[in-house]
Amino acid sequence: MAEYKGILICGEVREGKITTITRELITTGRKLSDDLNQRLSILLIGENIQEAAKEAVFFGVDVVYTVDDIPFAESPPEQYLALVSNIFQKAAPSIVLFGQADMGRDIAPRLAARLGASICMDCVELAIDPETRSLLQSKPVYGGNAVAVWASDDVQPQIVTMRPRAAAPAEPDPSREGEILPVAVKIDESVIKSILIETVKEEVKGIRLDEAKVIVAGGGGIDGKEGFELLKELAQILGGTIGITRVPCDEGWMPAGLEIGQTGHVVNPDLYVAVGISGAPQHLAGCSGSKCLVAINKNPEAHIFEEADFGIVGDYREALPPLIEKCKALKK
Ligand SMILES: Cc1cc2nc3c(=O)[nH]c(=O)nc-3n(C[C@H](O)[C@H](O)[C@H](O)COP(=O)(O)OP(=O)(O)OC[C@H]3O[C@@H](n4cnc5c(N)ncnc54)[C@H](O)[C@@H]3O)c2cc1C
């Protein structure tokens with residue numbers, strides 16, 4: 001078996017900055033590197049990413065591989081996979097980390113298949129077993145009702161995707177030093193099977209769902225677009241943002257990009273207020289990592305109350321206004 005050593009993060013740069021999920025991966029990767037006493041490297045792809053590369057070193061990375069002049073967002077998956085595979089041959093890491101976001105979901109399984117590696121997706125915690133030195137990979141299972149810990153001792157390398165907000169974002173230390181290695185990779189154009197026809201930019205006003213610390217989410221019980229005004233008011237006071245279940249999306253009350261769940265965003269906020277939401281497993285799969293779940297539902301038998309830390313039984317139109325007033329008063 002080939003000798004694999006160290007940890008490689010497949011990072012993301014947006015508008016010249018290291019993304020939050022990449023900073024979270026650096027926190028996790030740094031801890032694993034220190035425990036294994038091995039190097040932490042990162043791959044950054046994009047245009048004019050030299051500043052981002054220095055930033056990565058300050059955040060805690062030892063070696064930064066940069067592939068410049070390829071717009072990250074426009075890179076077709078086959079091209080990105082070819083680049084990652086190329087850097088993989090150079091770095092030969094035993095662990096490869098991706099964020100559980102669009103790029104990670106797409107590329108990580110392809111890379112695992114190509115390398116014959118193990119893969120564990122949507123992890124919320126990684127650790128090194130002090131005795132066996134195995135990588136312990138924790139991920140929610142059964143719709144978030146349990147956490148399973150996996151280890152793949154006989155397979156190298158090991159590929160992992162990490163859920164957003166599973167770790168705190170790394171903070172910069174400008175005194176840190178590291179190596180920045182620009183890499184020129186020639187891609188065989190014939191491997192590219194998909195082409196980007198158009199990019200439609202979704203306007204994200206305020207806080208991104210996957211970075212939100214507070215989410216006020218509405219479901220079928222909101223019964224129309226107008227009801228969401230109350231939820232927005234509460235979200236604003238709490239410094240949070242709005243999420244939805246499948247129903248408001250299907251009914252056209254709110255944009256589809258706000259959907260949380262199995263086929264939507266997976267979120268990990270400190271506080272999740274579920275209003276008029278039944279608690280279907282497909283929805284809970286996206287929010288069961290919330291640190292505190294508060295449910296407001298007029299049906300005392302609703303399944304969401306079994307998952308909630310706190311609950312209010314009642315019509316949201318009556319429950320929310322006093323809650324909003326109380327929050328306003330507490331903020332004064
Ligand atoms: C393959 C698959 C994937 C799916 N993926 C997702 C996903 O990613 N995300 C997702 O959300 N769903 C998903 N679904 C749909 C999911 O199964 C549920 O149908 C959906 O989550 C139900 O949404 P809800 O709880 O908002 O609506 P409902 O089931 O309509 O529940 C509404 C709740 O509001 C309460 N209510 C009604 N009026 C009021 C009021 N005035 N005040 C307070 N409470 C009130 C009711 O008691 C009820 O509990 C998926 C389904 C499938 C089959």
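**Exercise 1. Find which residue of β10 is the bridge partner of P140, then work outwards through the strands.**

Step 1. In β10, P140 has V147 as its bridge partner. Helices (H or I, at least four residues) and strands (E, at least two) are DSSP runs here, numbered from the N terminus.

Step 2. Now take the whole pair: β9 and β10 (residues 146–150) run antiparallel and are joined by 5 bridges. For strands to pair, DSSP has to find at least two bridges between them.

Step 3. On to β8 (residues 125–128), which is antiparallel to β9 (residues 135–141), with 4 bridges joining them. A127 has L136 of β9 as its bridge partner.

Step 4. Look at the turn: β8 and β9 make a hairpin with 6 residues between them, and R133 in the turn has a positive phi of about 65°.

A word on the source: this is a predicted model, where local features need pLDDT of at least 70 and side-chain atom pairs count only at pLDDT 80 or more, while totals for chains, interfaces and linings use all residues. Residues are numbered from 1 along each chain as its sequence is written.

**Exercise 2. Work out which members of the largest nonpolar core touch the most other members.**

Step 1. Get the term straight: a nonpolar core is a set of buried Ala, Val, Leu, Ile, Met, Phe, Trp, Tyr and Cys residues joined through C-beta atoms within 7 Å. Buried means that 20 or more other C-beta atoms lie within 10 Å of the residue's own, with C-beta atoms placed from the backbone.

Step 2. The largest core has 53 residues, and L43, L44, A56, V84, L97 and I107 touch the most other members. Helix α3 (residues 77–91) gives this core its largest share, 7 residues.

Step 3. Zoom in on L44: leaving aside neighbours within four places in sequence, its contacts (C-beta atoms, placed from the backbone, within 7 Å) are G11, V13, I49, A52, A53, A56, V64 and T66.

Step 4. Apart from this core lies another, of 34 residues, including I242, V266, V275 and A285.

**Exercise 3. Describe how domain 1 and domain 2 sit relative to each other.**

Step 1. Take the bounds from the automatic or database domain assignment: domain 1 is 7–191 and domain 2 is 209–331.

Step 2. Taken over C-alpha atoms, their centres are 32 Å apart.

Step 3. Across the boundary, 11 residues of domain 1 are in contact with 9 residues of domain 2.

Notes:
Two residues are in contact if their C-beta atoms, placed from the backbone, lie within 7 Å. A residue is buried if 20 or more other C-beta atoms lie within 10 Å of its own, exposed if 12 or fewer, and partly exposed in between; C-beta atoms are placed from the backbone.
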